[in-house]
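Visitor: Please give me a close look at one part of this model, the pairing of its charged side chains, and take me through it slowly, in a connected account.

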Amino acid sequence: MEKNAFRLSWISNQWVVFFMCFCVACPLWGQAAKSRDLSIADYDLWHSLRNINISQKGKWASFHLNYDTTDTLVLQNTLDLTKTYFPDTFQESFLSGEKYFVCLNRTGLIKLDLSNKEQKCFPQVVDYKISSNQKYWALQKRRVTKSEKKNYTLVVGGLDEKRPSIIESVEDYEFNKAGNLLAFVQKLDRGYQLGVIVLGEGTGSTIDLKLSKFPITKLVWGAANNLAFLEAIGPNNHTVNWIEDVINNKQLHSYNNATNKINGRNFQIINTVGSTLHFSEKGDKLFFHFQHKEEKSEQKIEDTIVQVWNARDALTYPSRMAYAEYYNNPKILAVWNLKNNTIFPLGTKESPNAVWGNLDKYIYTYGQFDDRAPGSDNGIATPVYVYDSDTGKSHWIMDRKYKMPIKVSPSGRYLSYFKDEDWWVFDAVTQKHSNITTKLNLTAFNEEKKTSGINSTYGCPGWNNVETGIIIYDEYDIWLIAPDGRIAQKLTDGRNEHKTYRITSKEKLNPQLVPYITNSFNLSKGVLLTISNSNDHSRGFAILKKKMVSPFIESKGYVSNLKEDDEGEDFIFTEEHYDYPPTLKKYNLKTKKTKELHQSNPQHFNFNWGKSELVNYQLEDGTKLKGALFYPSDFDNSHPYPMIVNIYQKMSDRVNRYQNPTLFTGFDLNISNFTTNGYFVFCPDIVYKINEPGPSALRCVIAGLEAVFAKGLIDRKRVGLFGHSLGGYETSYIISQTDLFATAVSGAGTHDLLSFYFSMAWLWQVPQSDRFINDIMFFGSPYFEIPEIYKKNSPLNFVENINTPLLTITGDKDTNVNWEQSVEMFNTLRILGREHIMLIYPNEGHEFFDPLVQKDYNKKLMEWYGHYLKVEEKKKWMMEK
């Protein structure tokens, strides 16, 4: 009903915004018509809920209904449940304490007055910004000039639309933090004009600050109405400028390479996606990035006729070429102390990457090799320094090992890092290191993801808001530990409850620094937690406040997308089960009542659907595992069914997830496509032993299968296997060890470990050998130390044992798991005369993104299993030619 209604609105008028109020009561919907079987033709009825948001006071919610080929934004009143639909829109916002709602579409901006539902359209608006006080907006409108070049007009004013200011030919614009000033750059015939509009009672008054013949970019506001910006004075070279108090003082300060040097060397100030220009919190410092300007004698000239690969190079040739400038002449952070007009570099060529906290006192740098896999499987340890931005002095902290987790505290005083299976904290004030977990009864490293090269952690989300404690995860619980390790508190009791607690509340962090910075959490005010039950994979939400955990949303299914209003009183979230599509709900913390807002995919209740359950099984060594078993929609226990086993590490947590039937998925097995077509689907968990990736998969899959077979529901002669990537490797290995499966599909898998080990991951410009030691292949030593172990895990080494009809699938642009791996398996099975087909999709990589390819892939997948598990007739593409 809903879907057809808003599709009609597109046909009649793309600008139509209409209101609908009706009940979507699922049981009633289900009774409206007798359930029927699902067909491929029905798939396009399904949508997903995306971009779910709640307004400041909780009265409104917005979300997207995302179909395979269309998208509609829904605005819903959470009190009376009325809905407004906006086809093909994006960049939506609630403004002025729920007074307005705005969004963009392909023709302009739509503004809706939430108090009276009056709608207004602003044609040609392509972007907008809102002041921090939510009183003013700036609308960027597209204007086509006589020369047909795009030109932008800026409309600036209050949200009440009174007395707007119009500025032509605007290149860039930015509100200050107080929301009472807007800086802008115009491109005029005489040059680039930098100006400011004063907002408030005198809205509209403009102050001209600087006219330049060079482009002005990267407008940044600081304290006391200070404004910084860059001037592009030449190729890859800029002047850093800041204007002191744009209202009263207006004094311009500039710094460039014309009369200055850094470290006694020529330099150039750069402006790239990864570079910064920002003031310190107090506004007394300005940070920017620069590069040393190499003299001709210093420049390295690469041979352009032939690639030179030197086995003793620190990096392989592809990596060196892809990141040549980064390695040879990296960008380095600099600080301009505005009070005493001094400038210091904060980094070196060996340690150029900078990360910092909110206070900008301490700047940490780490090496350029740290997160790249060099020629050596063990990586290269590179120096980590801390700089005092007041003086420019540095202090060596440590040599960071390859991919060692490091995280800066919110203020920047502390650096946490993971070393030798423990968390450590470095204090920049005392310059002391403390091992904070070694004496505690917790395991900080993730045992399931442990490799011989790198130990993964369960996580370090941040610190308490006063930085007297760092927050650390173990497998189940949340710990608060003093930075010197002397005081530690376990804030949850997940291990005893068989529940995993994780913090949901997060601040918006600098996206460029996200892997290396952490959040600040006010534990006295309360933070939101997600609770995951390890027994049944159900989820819920709780509030952690003053060391007390108070669950407020508990579900037997899967809950997600939790959003809270500004008061922390109203919450919206989605709840789903495998056999029940996601429902958007609202919870009020005071009344403790839950209210249904929107039922996605109500047509679901018109169709037959399966169910899901967990299957418990055990390995010979006593290890207890789970698998998710999905029943066919036409289940009848009077006869056995075919089943497909879908494998990739741990997958039992899918048991409560709803999956839309669709042909438009990447490289995966869509569970609902098959359960609604008469199949069981089983997703067993796999755990690994070092040096046994293949045998580990075999043991876990067979043990899980036996547990499913014990139910007496499956036809043992009609069981298929599916895996992608690592699962593709596991699929090939398993069928080389057993004839249990009637057929198998290996997608983008590794088939010959030896050739794969010695090949290149061209996507990442690194040797594939790295992932054997430091990634998901789970080997403990390089090949030359244990060659026989590698051979025992290689499917191609046992290929003569393969009797299972095999379909391999890859894309000819897959250089993550090289597509030639599938060709090797094809050629081998062809020589042996085995039943095998390989599909190679042109211009596709490790995942499939072309909708036509996705559709073809999913259809062929169903046709392949249909023939081998249901004895359906072979399709033409499966015939011998």
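Guide: A salt bridge, as the word is used here, is a side-chain nitrogen of Lys or Arg within 4 Å of a carboxyl oxygen of Asp or Glu. Please keep in mind throughout that this is a predicted model. In general terms, side chains of opposite charge can pair when their charged atoms come close.

A good place to begin is with K813 and D812, whose side chains meet in a salt bridge with 3.6 Å from N to O. Since buried means under 20% relative accessible area and exposed means over 50%, with partly exposed in between, K813 counts as partly exposed at 48%, and D812, with a relative accessible area of 25%, is also partly exposed. Salt bridges can also share partners, and in this way K285, K361, D388 and D390 are joined into one network.

By the rule given above, the count comes to 29 salt bridges. One of them is formed by E448 with K650, where the closest N and O atoms are 2.6 Å apart. This pair links distant parts of the chain, 202 residues apart, for E448 lies in the loop between β34 (432-435) and β35 (462-464), while K650 lies in the loop between β50 (641-647) and α6 (671-675). E448 has a relative accessibility of 42%, so it counts as partly exposed, and K650, with a relative accessible area of 37%, is likewise partly exposed.

The pair of K586 and D570 also forms a salt bridge, and here the closest N and O atoms are 4.0 Å apart. K586 belongs to strand β46 (residues 580-588) and D570 to strand β45 (residues 570-577), so this salt bridge ties together parts that are 16 residues apart in sequence. Are these two partners buried or exposed? K586 has a relative accessible area of 9% and is therefore buried, and D570, at 8% relative accessibility, counts as buried too.

Placing the accounts side by side, then, you can follow a salt bridge between the partly exposed residues E448 and K650, and another between the buried residues K586 and D570. As you turn the model, it may help to look for E448 and K650 in their loops, and afterwards for K586 and D570 in their strands.

Notes
Residues are numbered from 1 along each chain as its sequence is written. This is a predicted model: local features need pLDDT of at least 70, side-chain atom pairs count only at pLDDT 80 or more; totals for chains, interfaces and linings use all residues. Side-chain values use heavy atoms; hydrogens and water are left out. Helices (H or I, at least four residues) and strands (E, at least two) are DSSP runs, numbered from the N terminus. Buried means under 20% relative accessible area, exposed over 50%, partly exposed in between (1.4 Å probe, protein chains only).
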